[in-house]
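Grab a coffee and work through these exercises with the model open beside you. Try each task before reading its solution.

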Amino acid sequence: MINKKKFLILTTFLFSTTNALAQSSGASTQPTYRLTGAATLASNFVEKGLTQTKGDPGLQTDFWFNFGSQFRMGLWGANVRYESTPTTHFWLKANADVKVDFSQNAKMNILYSENKYYKDNDRSGNTVGLHFDFWGWKIIYDMESNWEGTGQKATYAGAGKDAVVWNEYIWTNHAGYTMPEAEGITSYFDIRTGLGTKAKDFVLMGSLSMTTATGEIKDQGELAFILSATVGF
């Protein structure tokens, strides 16, 4: 398991640092206490290349409570379906996020998620992540304490970028590499590309996802076409 005490110390230090940076740049660090969030309805819930609903439709939603310009906490939830744990139907995350602004075009987010599954079936765990945004390039580095219910850790590294094409469409591209420590499962790549457009308050998108996964998780990582609608609030 990831050492929560060390993470708490690191988060406290970085939160203090970001306050100092914000104050020196004139940014407000006063709590806004605003509630923000988003909801996505998708024909198939695919996370880091692996379907979490066995190809069935999924609804994911999150809520964030902002304590200032650098720190927020919230909840995220989604319906799930797994072959190995048929009684598990809901995934809930308690999230914390600290933002560090290096410049107008460069920032880092430190994330912590406590993952709970209902019913549990030994899938619960936690995630610590470092997410970077450099001039539109998104870099992800996540560490999972209980990857896919194996009881073993996994590390995920990924990169992606969104681009506007034909003046009104959003072209999204992402590639990642999962390095699980579970016995008998080798590291694999995942690729996802999608084209979307905004219709009033919704972002409508069609995406393709595939992986190089083999063995026990091959079926979860097969080529998938995903239709989704996302709304923010």
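A quick term before we start: helices (H or I, at least four residues) and strands (E, at least two) are DSSP runs, numbered from the N terminus. This is a predicted model, where local features need pLDDT of at least 70, side-chain atom pairs count only at pLDDT 80 or more, and totals for chains, interfaces and linings use all residues. Residues are numbered from 1 along each chain as its sequence is written, and side-chain values use heavy atoms, with hydrogens and water left out.

**Exercise 1. Find the nonpolar patch on the surface and say which strands supply at least two of its residues each.**

Step 1: know the rule. Patch residues have over 30% relative accessible area and no salt bridge; like charges are joined within 9 Å, and nonpolar side chains (Val, Leu, Ile, Met, Phe, Trp, Tyr) within 5 Å. Areas come from the Shrake-Rupley method with a 1.4 Å probe, and for residues only the protein chains shown count as cover.

Step 2: pick out the members. They are I191, L208, M210, L223, F225 and L227, and together they offer about 630 Å² of accessible area.

Step 3: place them. Strand 13 (202-211) and strand 14 (224-232) are the ones that each give at least two residues.

Step 4: check one member. L208 sits in strand 13 and is partly exposed at 42% relative accessible area. On this scale, buried is under 20%, exposed is over 50%, and partly exposed is in between (1.4 Å probe, protein chains only).

**Exercise 2. Work out which parts of the chain the salt bridge between D142 and K48 ties together.**

Step 1: recall the idea. Side chains of opposite charge can pair when their charged atoms come close. The cut-off here is a side-chain nitrogen of Lys or Arg within 4 Å of a carboxyl oxygen of Asp or Glu.

Step 2: check the distance. The closest N and O atoms of D142 and K48 are 2.8 Å apart.

Step 3: locate both ends. D142 is in strand 9 (residues 137-144) and K48 is in the loop between strand 2 (46-47) and strand 3 (50-51), so the bridge ties together parts 94 residues apart in sequence.

Step 4: compare the surroundings. D142 is buried at 6% relative accessibility, while K48 is partly exposed at 22%.

Step 5: look at the backbone too. K48 has a positive phi of about 55 degrees, although it isn't a glycine.

**Exercise 3. Take the salt bridge between R123 and E148: where do its two ends lie?**

Step 1: get the distance. The side chains of R123 and E148 meet at 3.2 Å, N to O.

Step 2: place the ends. R123 is in the loop between strand 7 (106-118) and strand 8 (125-134), and E148 is in the loop between strand 9 and strand 10 (154-165); these distant parts of the chain are 25 residues apart.

Step 3: ask about cover. R123 counts as buried, at 4% relative accessibility.

Step 4: widen the view. Shared partners join K48, D142 and E144 into one salt-bridge network, and the whole structure holds seven salt bridges.

**Exercise 4. Hunt for backbone oddities in the loops around strand 8.**

Step 1: check the peptide bonds. The one from Y118 to K119 is cis, with omega near -10 degrees, and K119 is in the loop between strand 7 and strand 8.

Step 2: check phi. W135, not a glycine, has a positive phi of about 50 degrees. W135 lies in the loop between strand 8 and strand 9 and is exposed, at 57% relative accessibility.
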